[in-house]
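Colleague: Could you take a close look at one part of this model for me? I'd like to hear about the helix packing, and whatever else you come across on the way.

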Amino acid sequence: MYAAVVHDFASPPRYEEFPDPAVADGTVLARVEASAVHQIVRSIASGRHYSSAARPPFVPGIDGVVRLPEGQRVYAGGLRPPYGMLAEFAAVRPPGIAVPDGLSSAVAAAIVNPAQSSWLPLTANLVPGATVLVLGATGIAGSLAVQAARLKGAGRVIAAGRNVAGLERCQALGADATAELGEGFADGLRRAAPDGVDLVLDYLWGPAALAAIAALDKLATPSWHETRWLQIGSVASGSIQFDAALVRSRNLRLSGHGVGSGDPAAWPTAITEVLRAAADSRLTIDVETVPLRDIERTWNRPARLVYEP
Ligand SMILES: NC(=O)c1ccc[n+]([C@@H]2O[C@H](COP(=O)([O-])OP(=O)(O)OC[C@H]3O[C@@H](n4cnc5c(N)ncnc54)[C@H](OP(=O)(O)O)[C@@H]3O)[C@@H](O)[C@H]2O)c1
């Protein structure tokens, strides 16, 4: 088959022939319709992701939409390295998760990973009516988190980020208020969250997370008001100096959502719900669809890329 192949962590994958995956242990050979380049896919392809031990040569792509031999169009993932979804074929374990009619394979392939990043934590933690702060709301996953918080019954959704145009888009997607990261962030958050913040969906970490934790102090709510902090992404920085006093001086409950921290049993329901919400346009995402054979020259484009073999 033809596939995108990572030969070294510093270069884009190359489109070339690669051995077909072996069909074993209940898997079937499915034709890939679309697979997206999420942040985690880039991170694995460049040898930086904590969950991956893949070594070149390998095919990247953690998930996608495939056509099973009997014709069903399903979302699938969990391929065994060196195989990934950025290929013509994938050995997947049926039944997969049905993609609703009317939802394109490209959108289905692109939306599950970033949307589950908020859908699952919101399902587990959101008390209806709560105030949710999305830190890093201008990215793909953050803007889906704004939409998901709205759909799942948040009372108030606050979008925080550094990009003013992106924050305006978040308001169009359902955010009640925005807070721009930078000098005036604490004041902006105080205006945006008069009743405090109950849940933070953090896609940034780094200095932005520290600024947000400090800004929680400036809110009108008492320091013992519980704020549940869910660490989901770290585009700003992978580490911060986290003083003990930061934890002791407020009622902050920190946990994470990512590979290894969630119960896989919750995934099929969440993915089915995300795909339904996408089919009904209650969750939306912008994607750029590209033929897989063009992967080497298009890999570094800033859009959320979806490759079609
Ligand atoms: N745990 C999970 O299940 C899960 C799932 C999906 C994604 N993630 C993680 O979530 C993060 C975001 O993913 P994504 O798909 O949304 O990526 P994305 O679409 O590339 O968005 C990242 C956004 O972060 C903003 N940004 C970058 N550096 C920043 C900084 N220093 N300060 C403030 N904002 C900054 C950028 O906004 P502007 O350029 O517009 O300012 C950009 O739009 C990544 O770390 C990813 O790995 C986790």
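Modeller: Here is a walk through the helix packing, then the ligand site and a few backbone oddities. Keep in mind that this is a predicted model.

Let's start with α2, which runs over residues 105-125. One of its partners is α3, residues 140-151; the two axes are 8 Å apart, at an angle of about 45°. That angle makes α2 oblique to α3, because angles from 35 up to 65 degrees fall outside the parallel and perpendicular classes. The crossing of these two helices is right-handed. On the α2 side, the contact is made by Ile111, Pro114, Ala115, Ser117, Ser118, Trp119 and Leu122. Facing them from α3 are Ile140, Ala141, Leu144, Ala145, Ala148, Ala149 and Leu151. Sorted by class, this contact has 12 nonpolar residues, 2 polar and no charged.

Now follow α2 to another partner, α8, which covers residues 267-279. Here the axes come within 9 Å and cross at roughly 120°, so α2 and α8 are also oblique to each other. This crossing, too, is right-handed. From α2 you get Ala108, Ile111, Val112, Ala115, Gln116, Trp119 and Leu120, and α8 brings Trp267, Ala270, Ile271, Glu273, Val274, Leu275 and Ala278. The tally is 12 nonpolar, 1 polar and 1 charged. If you compare the two lists, Ile111, Ala115 and Trp119 of α2 turn up in the contact with α3 and again in the contact with α8.

Another helix pair is worth a look: α5 (residues 185-192) and α6, with axes that come within 9 Å and cross at roughly 55°. They are therefore oblique to each other, and α5 passes α6 in a right-handed crossing. Phe185, Ala186 and Leu189 of α5 meet Ala211, Ala212, Ala215 and Leu216 of α6. That contact has 7 nonpolar residues, with no polar and no charged ones.

Back to α3, since its residues lead us to the ligand. Ala141, part of the contact with α2, is also among the closest of the 22 residues that surround the ligand, along with Gln39, Arg162, Asn163 and His257. Ile140, which is in that helix contact as well, has a backbone N or O atom 2.9 Å from an oxygen atom of the ligand. Thr138 comes in with its side chain: an N or O atom there is 3.2 Å from a ligand oxygen. His257 uses its backbone, with an N or O atom 2.8 Å from a nitrogen atom of the ligand.

Finally, the backbone oddities. Most residues other than glycine have a negative phi, and most peptide bonds are trans. Against that background, Pro56 and Pro57 are joined by a cis peptide bond, with omega about 0°; Pro57 sits in the loop between α1 (39-45) and β4 (63-67). Pro94 and Pro95 are likewise joined by a cis bond, with omega about 10°, and Pro95 is in the loop between β6 (89-92) and β7 (97-98). As for phi, Asp25 has a positive value near 55°, in the loop between β2 (14-17) and β3 (28-36). Trp205 is not a glycine either, yet its phi is positive at about 55°; look for Trp205 in the loop between β11 (199-202) and α6 (206-216).

How values were computed:
Residues are numbered from 1 along each chain as its sequence is written. This is a predicted model: local features need pLDDT of at least 70, side-chain atom pairs count only at pLDDT 80 or more; totals for chains, interfaces and linings use all residues. Side-chain values use heavy atoms; hydrogens and water are left out. Axes are lines fitted to C-alpha atoms, for helices over the stretch in contact, and angles run from 0 to 180 degrees between N-to-C directions. Helices (H or I, at least four residues) and strands (E, at least two) are DSSP runs, numbered from the N terminus. Angles under 35 degrees count as roughly parallel, over 145 as roughly antiparallel, 65 to 115 as roughly perpendicular and the rest as oblique. A crossing is left-handed if the near helix is turned anticlockwise from the far one by less than a right angle, and right-handed if clockwise. Contact means heavy atoms within 4.5 Å. Ala, Val, Leu, Ile, Met, Phe, Trp, Tyr, Cys and Pro count as nonpolar, Asp, Glu, Lys and Arg as charged, and the others, Gly among them, as polar. A residue is near a molecule or strand if one of its heavy atoms lies within 4 Å of it. A polar contact is a pair of N or O atoms within 3.5 Å; within protein, one must be able to donate a hydrogen and the other to accept it, and residues adjacent in sequence count only if both atoms are side-chain atoms.
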